[in-house]
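Visitor: I am new to this one. Could you take me closely through the surroundings of the ligand?

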Amino acid sequence: MKLPIYMDYHATTPVDPRVLDAMMPFFSDKFGNPASRQHQFGWISEEAVTSARGTIAKHIRAEPREIIFTSGATESNNLSIKGVVESSKQNGDHIITAATEHRSVLDTCKKLEKLGIRITYLGVDQFGQINLDKLSESITPKTILVSIMAANNEIGTIQNIADIGNICHTKGVFFHSDATQAVGKIPIDVTSMNIDLLSFSAHKMYGPKGVGVLYVRSANPKVKLTMQMDGGGHERGIRSGTLNVPGIVGLAKALEISILSIADETERIKRYRDKMYNAFITRIEKVQLNGHPIERLPNNLNISFLGVEDNALMMSLKDIALSIGSACSTADPEPSHVLKALHLPQERLHSAIRFGLGRFTTEEEVDYVINRVIETVDKLRSQSPSFSRSREIVQQQ
Ligand SMILES: *Cc1c(COP(=O)(O)O)cnc(C)c1O
C-alpha cells in the first residue's frame, strides 16, 4: 500500500489507463482538426469525434446531435443558464435553483441577478433534498429555467431528478441538471427523466481534465441556447472553438467503462464506504452522518466527529487526502454553503469531513483509514478540555 491514500474522488479522479490508451494516438499520429473537411487528417479526427458523440449519447439516452462538447462542467453550467436566459428573454426572467448547487451554478445565477434576472434559491431539508411542492409553487408564468443538480459533490445527496423533470415538463419550464457527480455512478437517462440540459465533466469519472459535455434537448421541447463564446460556430453554433479531440475520445471511453462496470463498482465501493461508516459509528462516540442516509452517492461519506475541528483532524491525517467543506473553498474558514444550507448545529458544521471513495480504492486502504481516523479522533478529543468534560458527564449519568 502506498501513502498518501487518495480519498478525494469528488474533487477529481485519476485517468483510467484504458482511457489514456484510447487517447494517446490523438495527440500524435491522429492530430488533425475535425473541422478540416478537405483532407484525411481532418476526416480521421472527425470520425473519432462522431464515434465518441454516439457513445456518449447512447449512454444517457440522447441523440448524437444533442451532445455539445465543452471544457468541463463549469462551462456547461454557465452556457446552459446564461444561454437560456439570453434566448428566452421574451418568455420570462425567472430562474429557480437550490441553495446547495455547485459554485458554477450559484455564481452564474448571482451574476444574472445583478443584470435583472430574478432567482429563487430553494432551501433544502436536513438531508439536502429540495421539497417538490415548494418547487411547483415557485414556478410562475415568468419562469424560464429550473436548475437542480443530480447529486451533491459535498454531502452526496441525490435529488429526485425524474420527479423534478416531470414537474418542469408539466409546467412548460426548461430543466437543467448538473450531473457531474452522478453520471457513471447512478443511472441518468435524459429521456425518461425529462431533462432538457445536462452538464458533466470527464475528470470526475476517470477521464481527463478540461473536457465536458452539455446535453441540449433538440425536440419536445427544443431548447434554444445563445452561444456564450463567439467564433467559428462549431457544435451547431452553440459552442465555438476547435474540439479537444483527445479529451473527447477519453471522455467517451471513460463514460463507457463507468457505465459497463456500474453494477460491480457500486457494490464494491458501497461495501467499503459502509464498512468505514459502521466502524466509525460503533467505535467512536458522537459521530453524525451528513447528507441523506439512503439517497446518496455510493462513494460519498460525509461525517461530523463532534468536538473535533475539521481542520485539526485533516492536518493530523496528512497521509490521507480528504476534504473539509468544499474542495474549492478550503482556504475559507467558514463552513461551506452546502453544510450551512442543512441548518445543522454549528458544532456539526465545523467538524465535517468528506471521504470520497473511487475505482482504485482498496480494502487495505479502507482499513488503514478507519484505524488512523479512529486513533486521531480519540487523540484530538483527549486533548480538548471541553470534550473530556462532556464525556465525564455522560459517564456519570
Ligand atoms: C467538479 C464539479 C463541477 C465543475 O466541473 P469542472 O469540470 O471542474 O468545471 C461542477 N459541478 C459539480 C457538482 C462538480 O462536482
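Guide: A residue counts as near the ligand if one of its heavy atoms lies within 4 Å of it. The model is predicted, so local features need pLDDT of at least 70 and side-chain atom pairs pLDDT 80 or more, while totals for chains, interfaces and linings use all residues. Residues are numbered from 1 along each chain as its sequence is written, and side-chain values use heavy atoms, without hydrogens or water.

Around the ligand there are 13 residues, of which Thr74, Asp178, Gln181, Ser201 and Lys204 come nearest. This shell is made up of nine polar residues, two nonpolar and two charged (Asp, Glu, Lys and Arg count as charged; Ala, Val, Leu, Ile, Met, Phe, Trp, Tyr, Cys and Pro as nonpolar; the others, Gly among them, as polar).

Several side chains make polar contacts with the ligand (pairs of N or O atoms within 3.5 Å). Thr74 has a side-chain N or O atom 2.6 Å from a ligand oxygen. For Lys204, a polar side-chain atom is 2.7 Å from an oxygen atom of the ligand; for His203, the corresponding distance to a ligand oxygen is 2.9 Å. On its own the ligand would expose 380 Å², and the protein buries 87% of that (Shrake-Rupley method, 1.4 Å probe).

As for the wider setting, the model has an open, mixed sheet of seven strands in the order 2-8-7-6-5-3-4 (strands are DSSP runs of E, at least two residues, numbered from the N terminus; they pair with at least two bridges). Strand 2 (67-70) and strand 4 (118-122) each have a single partner strand, so one side of each lacks a neighbour in the sheet. Strand 4 pairs in parallel with strand 3 (residues 94-98) over five bridges, and Ile119 of strand 4 stands opposite Ile95.

Definitions and conventions
Helix = DSSP H or I, 4+ residues; strand = E, 2+ residues; numbered from the N terminus. Polar contact = N/O pair within 3.5 Å; in protein donor to acceptor, adjacent residues only side chain to side chain.
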